[in-house]
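New to this one? Here's a quick briefing to help you find your way around.

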Amino acid sequence: QTYKNYEICLADDNSKNPETISTLKFYADNYKSIKIVYRAKNGNISAASNSALAISTGDYIVLMDDDDVIPKQALYKIVKVINNNRIWRK
């Protein structure tokens with residue numbers, strides 16, 4: 001992403017694949033913008049989404065599935081629209 005002030009909150013929905021766990025840990029250990037919650041019980045997409053939301057700290061949320069892709073300027077354009085339309089701006 002061209003916009004850099006974001007966090008990625010991932011929920012591992014009780015994966016049994018060691019390679020998946022290893023990959024998640026690698027990214028969490030090497031990228032400060034990535035946070036991961038490891039669920040003890042599989043809860044499918046709604047429970048996993050709620051778990052990821054619970055560890056987020058931002059004011060705005062974009063929900064994505066594991067096969068979603070967004071253009072590299074997507075977050076920048078979203079923030080631009082938000083900043084240009086703040087009704088509470090002083």
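Below is a short tour of a pocket and of two asparagines.

Keep in mind that you're looking at a predicted model. The main stop is the largest pocket, with a volume of about 1700 Å³. After that come Asn14 and Asn44, where phi takes a positive value in a residue other than glycine.

**The largest pocket**

- A total of 44 residues line the largest pocket.
- If you want to find its centre, look for Glu7, Ile8, Cys9, Val62 and Met64, the lining residues that lie nearest to it.
- Four elements each supply at least two residues of the lining: the strand β1 (8-12) and the helices α1 (18-30), α2 (44-54) and α3 (74-84).
- Sorted by class, the lining has 24 nonpolar residues, along with 11 polar and nine charged ones.

**Asn14**

- You'll find Asn14 in the loop between β1 and α1, and both of those elements help to line the largest pocket.
- The phi angle of Asn14 is near 65°, which is positive even though the residue isn't a glycine.
- Is Asn14 buried, partly exposed or exposed? Its relative accessibility is 22%, so Asn14 counts as partly exposed, because that class starts where buried ends, at 20%.

**Asn44**

- Asn44 is part of helix α2, another contributor to the lining of the largest pocket.
- Here phi is near 70°, again a positive value in a residue other than glycine.
- Asn44 has a relative accessible area of 53%, so it counts as exposed, the cut-off for that being over 50%.

How values were computed. Residues numbered from 1 in each chain as written. Predicted model: local features only at pLDDT ≥ 70, side-chain atom pairs only at ≥ 80, totals over all residues. Heavy atoms only, no water. 1 Å grid on protein atoms, 1.4 Å probe; cavity = no way out; pocket = protein on both sides within 12 Å on 5 of 7 lines; lining within 4 Å. Points joined across faces, edges and corners; volume = space filled by probe spheres on them. Nonpolar A, V, L, I, M, F, W, Y, C, P; charged D, E, K, R; others polar. Buried < 20%, exposed > 50% of the residue type's maximum accessible area, 1.4 Å probe, protein only.
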